[in-house]
Amino acid sequence: MSDVHNAQLDWDEHGQPLSRSYGDVYFSRANGLEETRHVFLAHNQIIERCQALPAGGRLVIGETGFGTGLNFLCAWQAFSEHAPHDARLHFVSVEKFPLALADLQRALALWPELAPYAEQLLAQYRAIHPGFQRLLLDGGRVALTLMIGDVLDCLPQLDAKVDAWFLDGFAPSKNPEMWTDTLFAELARLSAPGTTLATFTSAGFVRRGLIAAGFAVVRVKGFGHKREMLAGPFQAQQMQRPVPWFARPVLPTGERQAVVIGAGLAGCATAASLAARGWRVTVLERHDDIAREASGNPQGVLYLKLSAHGTALSRLIVAGFGHTRRLLERLQRGVDWDTCGVLQLAFDAKEAERQSKLAAAFPNDLLHPLTKDKAEQHAGIGLPAGGLFYPDAGWVHPPALCRQLVQHPLIELRPYQEALSLSRRDDRWRVEGHNGVLAEAPVLVLACAAEIGRLLSDANLPLKRIRGQISRLPVSKSSSALRTVVCAEGYVAPPREGEHTLGASFDFHNDDLTPSVAEHAGNLELLREISTDLAERLDVQTLDPATLQGRAAFRCTSPDYLPLVGPLAEQQAFNEAYAVLTKDARQVPETPCPWLDGLYINSGHGSRGLITAPLSGELIAAWLEDEPLPVPRDVAEASHPNRFMLRKLIRGS
């Protein structure tokens, strides 16, 4: 798949990129910068709109064809120079063939004026894989959502309200598959009355198709040698009817203030996403500091357990991996994280077959197979088999990521604050502890893993706890040769601060968090399965499991292994509102969802929290701010806390 994932470029005598696939230029040979400003910025009134934004306002721009990112950087520059300092820019763009990093760097070097913006983009341009990829720039003030794939596949998955369209891409004559009535209908679905559109082409069938879709476009003066282009507003009535159980709740008005319960990765990420949007956030933590439970291990692994069938969980993992991987660039490599790669061993024939399907389904820069010899070269140790290698993955010290996420002046961390009960009064959530009210705010986010079941017993959320124990092994002179994370049934990581992390056990029945000798012994057995060579280098046969250091914590997971992320309905009212679904699951009742106003959940991440929890923080913030969702609509639906109520109704249970 690798040969079709990235754009294949040629470069002309002026150093400008050309698409080999489409035989077309990425921007005007006359002056790409001025072309963008004339076609897309001027005819969508981007500067005027930025100037007119209120404090804390937002502009959403949609684009077909990200290309070199020139349109994005020009829009960002205009936003930076003309919008209020606390406004936000959301730029949502589709690209079928993203440029490789080196090509993007070379193309953007043509525009020294945009260098301050290009440098930030290039620094975050990591793990750009198929599906939705969220990049946070300018301290979170600018959000770029890249949808990697065919525009006619990606746009139907988008949940957004777009203010201005940059209808770009290769010319209709070179790329006729894109310029279709299907595309124009999607642009209309995602537009509100007053949304504007501009495009460099003036082709008659494009003009007629856009008009039929509701855009009042007219021909206006084009750029350079192009005599005409198209521009105009969307004037049709919006016909979109969202599914009631998933429709967005009424947004909180007044103060942008939230309480988050839990200072693990899910809670810290949610607080960070809200604070970046100007919310004042109080984080309540029952322990003495952040990351004291499942997020507290010395080394967590960016472990991508994927499916070749494009499941909702698999797409969430790819999107979440990219988002986390970009966040890690802010941390200290070697101490807080390392992109040493992750090797998943093909430990039996069934696993080898699964890996073969994955290698065919995903691009090489995300994962590729290694023979036993190559795997041993990468890992630096002897191995029983080859496997799948994830070159951009590695290990993370989760407390460092949590700490970085809550370093924001709008976030207040309150340790030793155990939430015992919740109540809603006067449009505010009140959290009570041993000594009375701990905090109150219009919005409450529960990011306290399976403890949510205790605080919301009426909701019957099927969250379950799984005990996991890791073992810490002192590095030996020869074990320090391990250069990559290696996984089979368990995992072992390269050294951090003189230790390897080894784990992790799974125990559904034990509620005791005291590390057990039996599970240390089990982890040593996992190590022997991963590599007898490494076990010998660590002199495992002489190790007494009773002397090992380690820690145990509870992972929190759901029956379908997807997290629970989003707003929650009141169960009894939900059952009454949608009782018709017990007789006919295809019904879409008109009744608005009876939300528990202002209550949101970010939980159930299992052993994938490093990958899914940070992006889920962005998803919570998008729900609360009525922003473009950072994941496909069906992935957000599949992760929605209401899904279990819905399934019970449909099954009549």
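How much of the chain over residues 112-232 is helix, and how much is strand? Here the chain is 27% helix and 31% strand. Keep in mind as you explore that this is a predicted model. Below is a friendly tour of four places to look at.

**The annotated stretch**
- The UniProt record, an unreviewed entry, places the feature "domain: MnmC-like methyltransferase" at residues 112-232.
- If you find the two ends of residues 112-232, you will see that their C-alpha atoms are 31 Å apart.

**A sheet of three strands**
- Strands β21, β22 and β23 form an open sheet in the order β21-β22-β23, with antiparallel pairing.
- The edge strands are β21 and β23 (436-441), and each of them pairs on one side only.
- From one strand to the next, the twist averages 25°.
- Strand β21 (residues 421-425) is joined to strand β22 (residues 428-433) by 5 bridges.
- Across this pair, Leu 422 stands opposite Val 431 in β22.
- The hairpin of β21 and β22 has 2 residues between the strands, and Asp 426 there takes a positive phi near 50°.
- On the other side, 5 bridges join β22 to β23, and these strands also run antiparallel.
- Trp 429 has Ala 441 in β23 as its bridge partner.
- Here is a handy rule for looking at strands: in a regular strand, side chains alternate between the two faces of the sheet.

**Helix α16 and its buried face**
- Helix α16 covers residues 517-530, which makes 14 residues.
- From its first C-alpha to its last, α16 reaches 20 Å, close to the 20 Å expected at 1.5 Å a residue.
- Which residues of α16 are buried? They are Glu 519, His 520, Asn 523, Leu 524, Leu 526, Leu 527 and Ile 530.
- Seen down the axis of α16, these buried residues fall within an arc of 155°, so they line one face of the helix.
- A general rule helps you picture such a pattern: an α-helix has 3.6 residues a turn, so residues three or four places apart point the same way.

**Asp 539 in a loop**
- Where does Asp 539 lie? You will find Asp 539 in the loop between α17 (532-537) and β29 (549-557).
- Asp 539 counts as partly exposed because its relative accessibility is 35%, and the partly exposed class runs between 20% and 50%.
- Asp 539 and Ser 479 are 60 residues apart in sequence, while their C-alpha atoms are 9.5 Å apart in space.

Methods:
Residues are numbered from 1 along each chain as its sequence is written. This is a predicted model: local features need pLDDT of at least 70, side-chain atom pairs count only at pLDDT 80 or more; totals for chains, interfaces and linings use all residues. Side-chain values use heavy atoms; hydrogens and water are left out. Two strands pair if DSSP finds at least two bridges between them. Helices (H or I, at least four residues) and strands (E, at least two) are DSSP runs, numbered from the N terminus. Axes are lines fitted to C-alpha atoms, for helices over the stretch in contact, and angles run from 0 to 180 degrees between N-to-C directions. UniProt positions are given in the numbering used here, feature names are shortened, and annotations may be inferred rather than shown by experiment. Buried means under 20% relative accessible area, exposed over 50%, partly exposed in between (1.4 Å probe, protein chains only). The expected span of a helix is 1.5 Å times one less than its number of residues. The arc is that of the directions from the helix axis to the C-beta atoms.
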